[in-house]
Amino acid sequence: MRGIRWSFIVLLILVNGACRPIAPPVPSPALPTPVPTETIRPAPTPTFTLPPYTTPAWFRSAVLYEIFLRSFYDSDGDGVGDLRGIIARLDYLQSLGVTAIWLTPIHPSPSDHGYDVMDYFHVRPEYGTVEDVRALAEAAHARGMRVLLDFVSSHLSNQHPYFRDAFGNPASRYSDWFIWQNEAHTRYLSFDGVLAMPRFNHYNPEVVAYLTQVARFWLSQGIDGFRVDNATFPPKAFFVALRREVKAVNPDALLLGEFWVRSVSRLAPAFPDQFDALFDFPLYHIMLGDPNRNGDGVLSGQSDPVLLSTLFREEAQLFPPQSLAVRFLSNHDTNRLATELNRDPARLRLAAAFLTALPGPIMIYYGEEIGMLGQKGGPPAWDNYRREPMDWYASGEGPGQTTWFRPPDRWNRPGDGISVEEEEQDPSSLLNTYRRLLRLRAETPALREGDFTVLELTASAPGAWGFVRRAAGQTVVALFNFSDQPLSVTLSAFPFTASAPQDLLNGRAFPPTQAGQPYAISMPGASAVWLVSPPGE
């Protein structure tokens, strides 16, 4: 009954906006409080309509770069990456083609990963200060880049003072902030059963007010939005309230949800009144398969790319027109792309060509652009093997190099040919391939903002797939051979006429094409082609 009662009350409060002011929580005098001097505001003014669903224009073709902060760049010599280190490498990110960065949690936490937050209003000391967050936002904005923070709203640390006050203390004023499983309040619901991360009770209006206050605070520091962690757990009403509060502060702020589901039908409902953008996990699972296994997806040549046609058809039918699906091929919770693809140079370039030709925002995980390796390890490090220090130097030593995680069995080592230093001067390196592809994406209207249609084609064997994109009178035909074998690929109706269509990827000229007529092309194994008509035709 209690859960039903809270559900009813909160749906009234959050969806209809009909609520009374919420008194700010008063922490125990014996405990430190993470709440800043600003008190928790009352809930939004009563309204019976949701904010219009308008997604930020700046993110619609963004290149998002995920940074696991402690691994990226160390500005003060303690071996741990920090905020000032990111500022020092903004020129590198800009040269890559990045337009927005997402930082994994920056808050005080007892863990390496930081997803068990002890204090939402401050910065982990080894990462810097709130002032450093403001400085990063200002430096990024000066380059036309945006900054997103990880927002952990489904759970917190069991070391957070509010939880410590409530644990084993049913009389605590924070007692109803969490989901207890016994009367003594010593057993509780937690993220993935990990006791270090107790779940919030989002049916408590005080919890909603507290978390929306967190979002408002970081927006006031110049942050451009949030990547919302584990969005599959909190109820819809919470995200409706969060969206309303964020958009009231800054209508152009981004809410990007980690809604880890494999089906489009489960992903689509989270868009209109909750999130501007969602990670395209259904696409990830088709392309890479199981995040804990290697070599079992389309990109490895092990699945039929016809699955992509079904996926994009479902997305076109079920996603709202303004919604943004963020395409990606790896992140901090998956085996790294280069390990998935067995460090195959052709397949790494194929993956880059596929990702950068897709519509909407795309995401690159730090080190993906240089082919860093990594997969989930054993205890106690586990996912740290997926989050190893960024390889800046061939020797593994140099200014800014992080050193916090260097076990004997690590994946990335000195002299392995994988580093920014080694790849910087090689025009054919993976790093320079990403730079070139992202520059083409930025300079080619059809790739940056064009519409998207899956091509009808046949091939001599399974493995071929492609699409066409159009904008500003320009058309790009993107074709991919995901198999190991050369294929003869025939398009049933080529989309444009050209005397000598050109491959944007390498400048090669192809035989003439006629709009609406069949067109055959031979493709090597694990390869891509981006065909455009020559200028003036």
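Mentor: A residue is called buried when its relative accessible area is under 20%, and that cut-off is what we need for helix α8, in a model that, please keep in mind, is predicted. By this rule 11 of the 14 residues of α8 are buried, which leaves the helix mostly covered.

Trainee: Which residues of α8 are buried?

Mentor: The buried residues of α8 are A237, F238, F239, V240, A241, L242, R243, R244, E245, V246 and K247. As to geometry, α8 comprises residues 236-249 and reaches 20 Å from its first C-alpha to its last, close to the 20 Å expected at 1.5 Å a residue.

Trainee: How many residues of α15 are buried, and which are they?

Mentor: In α15, 10 of the 14 residues are buried, so this helix is largely enclosed by the rest of the structure. The residues concerned are L430, L431, N432, T433, Y434, R435, L437, L438, L440 and R441. The span of α15, which covers residues 430-443, can be checked as well: its end C-alpha atoms are 20 Å apart, and this agrees with the 20 Å that its 14 residues should span at 1.5 Å a residue.

Trainee: Let me turn to aromatic rings; what describes a pair of them?

Mentor: Two quantities describe a pair of aromatic rings, namely the distance of the centres and the angle of the planes. This structure holds 48 aromatic pairs. In one of them, the rings of Y65 and F72 have centres 6.1 Å apart and planes at 70°, so the pair is edge-to-face, the angle being over 60 degrees. Both Y65 and F72 are buried. For W260 and F281 the ring centres lie 4.4 Å apart and the planes stand at 20°, so that pair is stacked.

Trainee: Where in the chain do W260 and F281 lie?

Mentor: W260 and F281 are 21 residues apart and their pair links distant parts of the chain, with W260 in the loop between β5 (254-257) and α9 (264-267) and F281 in helix α10 (residues 281-288). Their accessibilities should be read separately: W260, at 28% relative accessibility, counts as partly exposed, whereas F281, at 0%, counts as buried.

Trainee: Which charged ends sit over the rings of Y174 and Y366?

Mentor: Over the ring of Y174 sits the charged end of R173, 5.6 Å from the ring centre. Over the ring of Y366 sits the charged end of R336, and here the distance to the ring centre is 4.7 Å.

Trainee: Now for empty space; what shows where it is left?

Mentor: The general idea is to roll a probe the size of a water molecule over the atoms, which shows where empty space is left. Here the largest pocket contains about 940 Å³ of space. It is lined by 29 residues, and those closest to its centre are F191, D192, D333, D383 and R387. Sorted by class, its lining has 12 charged, nine nonpolar and eight polar residues.

Trainee: What is the volume of the second largest pocket, and which residues lie nearest its centre?

Mentor: The volume of the second largest pocket is about 540 Å³. Of the 23 residues in its lining, P321, S323, R327, P359 and G360 lie nearest the centre, while α11 (306-318), β7 (324-328) and α16 (445-449) each supply at least two lining residues. The class count for this lining is 10 nonpolar, seven charged and six polar.

Trainee: How many cavities of 30 Å³ or more are there?

Mentor: There are two cavities of 30 Å³ or more, and the second largest cavity holds about 40 Å³ of space. R336, which we met over the ring of Y366, also lines this cavity, together with L337, A338, L348, E368, G371 and M372.

Trainee: Finally, the backbone: which residues other than glycine have a positive phi, D192 and A526 among them, and are these two buried or exposed?

Mentor: D192 has phi near 55° and lies in the loop between α6 (161-166) and α7 (205-219); at 66% relative accessibility, D192 counts as exposed. A526 has phi near 50° and lies in the loop between β15 (519-523) and β16 (527-532), but at 12% relative accessibility it counts as buried. One peptide bond also deserves a look: the bond from P379 to P380 is cis, with omega near 0°, and P380 lies in the loop between β8 (362-365) and α14 (420-424).

Technical notes: Residues numbered from 1 in each chain as written. Predicted model: local features only at pLDDT ≥ 70, side-chain atom pairs only at ≥ 80, totals over all residues. Heavy atoms only, no water. Phe/Tyr/Trp six-rings, centres within 6.5 Å; stacked < 30°, edge-to-face > 60°. Buried < 20%, exposed > 50% of the residue type's maximum accessible area, 1.4 Å probe, protein only. Helix = DSSP H or I, 4+ residues; strand = E, 2+ residues; numbered from the N terminus. Lys NZ or Arg CZ within 6 Å of the ring centre and 35° of its normal. 1 Å grid on protein atoms, 1.4 Å probe; cavity = no way out; pocket = protein on both sides within 12 Å on 5 of 7 lines; lining within 4 Å. Points joined across faces, edges and corners; volume = space filled by probe spheres on them. Nonpolar A, V, L, I, M, F, W, Y, C, P; charged D, E, K, R; others polar. Expected span 1.5 Å × (residues − 1).
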